Amino acid sequence: MKVTAGNLVKAIAKLPKDVRFNYVHSGTQTKVQVIRVQEPEGPIYIKRFKSDGSEDETSISKEMLWRAANAFVENVPVNFDRLFGASYNTRSALEALLAHTPEFYWCKPGRIELIHDSTEIKKGHKHLVWKPQEPHRNAIMMESKGVEAISELPLQFVTYDALVGFDSRPTDELPIEVKRRHLQIQIALIEIGTKLGFRTWIAHNDKGFQYGDKKIGSLDGVIGKLSDERVLAAYPDAIDAAKLIDCVWFKNGRLMPAVMEVEHSTGITSGLNRMKKFQEIAPAIKDVRWVIVAADEDRGEVLRKANDPQFSSLNTKYFPYSAVEELHSLCRRRGLTSAAVNEVFLDSFMEPCISH
């Protein structure tokens with residue numbers, strides 16, 4: 001049995017049109033109402049009612065419905081935030097509507113985190129799970145309690161904006177044999193950057209750690225001196241400010257695609273402060289992603305702190321560990337290169353922290 005966009009449209013069309021439905025996340029005050037459904041495959045026209053009293057009308061596209069449909073396998077939880085990344089701003093509305101239809105349940109499975117040779121189950125994120133054999137009453141949300149821990153990586157064919165039809169099933173999680181999670185993620189970002197044609201700066205105080213038979217600072221693609229990057233040549237103070245930033249990607253000697261702080265045990269605010277200081281010293285450098293890389297269970301804290309008015313100029317993006325793992329796996333197994341992907345593809349793995 002396979003889910004199609006038509007199945008999703010038919011199910012949502014049966015929801016009452018005079019009801020404002022809650023979102024799956026209990027902390028979200030926004031509600032969503034179905035205005036009109038265009039069969040057989042969408043779009044679905046909706047109205048969103050926000051906590052400040054404002055409201056807006058928008059639509060859920062046919063393309064979005066197909067992307068959701070392609071993700072579902074019976075009894076396998078799907079993380080909508082990971083599925084859609086930064087690509088669609090109505091993903092939570094679609095998630096909410098589907099959760100109120102009879103064949104979909106919401107759940108919070110534990111998240112398996114593998115570090116070196118030890119496995120730990122962390123608190124999970126919200127997911128939807130398709131259970132066609134156990135339908136519930138229409139127009140209500142039901143939690144599925146019996147879902148076991150999962151890795152939160154996609155388990156089926158997924159269509160991304162720049163790549164179509166590849167099998168994204170992971171063979172394992174990060175094959176990076178260091179016990180320090182923060183360092184494991186940094187190494188993954190180095191290897192991703194190398195595949196995508198970026199040179200990578202790693203925080204000065206992390207370069208001496210050993211990985212295999214090399215120091216981190218001597219890995220392929222790692223920058224030895226920030227002063228060698230032409231994009232920073234006019235900003236000597238920025239070079240000093242960047243020395244302790246966890247990871248910075250450079251491209252073609254003139255671009256800086258991302259400045260990233262990996263927040264595993266240190267405070268998110270300290271990472272935002274370091275990026276903000278860097279931005280203020282070198283304001284003319286454009287098209288930079290200011291990114292907090294953090295565990296999936298820290299998403300709420302990242303979004304809350306990134307929305308502090310003092311950090312608004314960063315327009316921060318959130319790069320969850322599961323997304324780093326997925327992109328690293330694709331680069332390693334599928335041989336992704338800068339010629340094969342574009343900026344939109346990279347952005348699909350990061351979530352904007354500020355809604356516009």
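This report describes the fold, sheets, cores and confidence of a predicted model.

## Overall composition

The protein has 356 residues, of which 52% are buried. Its secondary structure comprises 10 helices and 18 strands. The exposed area of the protein is about 16000 Å², and 49% of that area is supplied by carbon and sulfur atoms.

Contacts that span a long stretch of sequence account for much of the contact list. Of the contacts between residues at least 6 apart in sequence, 66% join residues at least 24 apart.

## Confidence

The mean pLDDT of the protein is 82, with 83% of residues at 70 or more. Two stretches fall below 50: residues 114–119 and residues 151–173. Beyond near neighbours in sequence, residues 114–119 have 15 contacts in the model, while residues 151–173 have 68. Where pLDDT is low, the predicted coordinates should not be read in detail.

## The four-stranded sheet and helix α4

One open sheet contains 4 strands in the order β1-β2-β3-β4, and its pairing is antiparallel. At the edges are β1 (21–22) and β4 (55–60), each of which pairs on one side only. Inside the sheet, β2 (residues 31–37) and β3 (residues 44–49) run antiparallel and are joined by 6 bridges. One of the bridge pairs links K31 with F49 of β3.

Helix α4 (residues 91–99) packs on this sheet and touches β1, β2, β3 and β4. The direction of α4 makes about 80° with that of β2. The helix is mostly covered, with 8 of its 9 residues buried. The buried residues include nonpolar ones such as A93, L94, L97 and L98, and also R91 and E95.

## The six-stranded sheet

A second section of the model holds an open sheet of 6 strands with mixed pairing, in the order β11-β14-β15-β16-β17-β18. The edge strands β11 and β18 (351–352) have a single partner strand each, so one side of each is left without a neighbour in the sheet. Helix α8 (residues 299–306) packs on the sheet through contacts with β16, β17 (317–320) and β18. Its direction and that of β17 differ by an angle of about 165°.

Strand β14 has 4 of its 5 residues buried, so the rest of the structure largely encloses it. On one side, β14 pairs with β11 (residues 199–202) in the antiparallel sense over 4 bridges. Bridge partners between these strands include T200 with W249 and I202 with C247. β14 also pairs with β15, again antiparallel and over 4 bridges. In that pairing, W249 stands opposite A258 of β15. The two strands β14 and β15 form a hairpin with 3 residues between them, and N252 in the turn has a positive phi of about 60°.

## Nonpolar cores

In soluble globular proteins, nonpolar side chains tend to be buried together. The largest nonpolar core in this model has 35 residues, and those with the most contacts inside it are L189, W249, M260, V293 and F319. At least two core residues come from each of α5 (181–195), β14 (247–251), β15 (255–263), β16 (289–294), α9 (321–334) and α10 (343–347). Helix α5 makes the largest contribution, with 7 residues. Another core, lying apart from this one, has 34 residues, including A5, F21, V37 and L94.

The contacts of M260 give a local view of the larger core. Leaving aside neighbours within four places in sequence, M260 is in contact with L189, I245, D246, C247, W249, V291, V293 and F319.

## A buried arginine in β16

R289 is found in strand β16. The relative accessibility of R289 is 9%, under the 20% cut-off, so this residue counts as buried. Not counting residues up to four places away in sequence, R289 touches P257, A258, V259, K317, E343, L346, D347 and M350. One of these contacts, A258, is also the residue that stands opposite W249.

Key:
Residues are numbered from 1 along each chain as its sequence is written. Side-chain values use heavy atoms; hydrogens and water are left out. Buried means under 20% relative accessible area, exposed over 50%, partly exposed in between (1.4 Å probe, protein chains only). Contact means heavy atoms within 4.5 Å. Accessible areas come from the Shrake-Rupley method with a 1.4 Å probe; for residues, only the protein chains shown count as cover. Two strands pair if DSSP finds at least two bridges between them. Axes are lines fitted to C-alpha atoms, for helices over the stretch in contact, and angles run from 0 to 180 degrees between N-to-C directions. pLDDT is the predictor's confidence in each residue, from 0 to 100. A nonpolar core is a set of buried Ala, Val, Leu, Ile, Met, Phe, Trp, Tyr and Cys residues joined through side-chain atoms within 4.5 Å.
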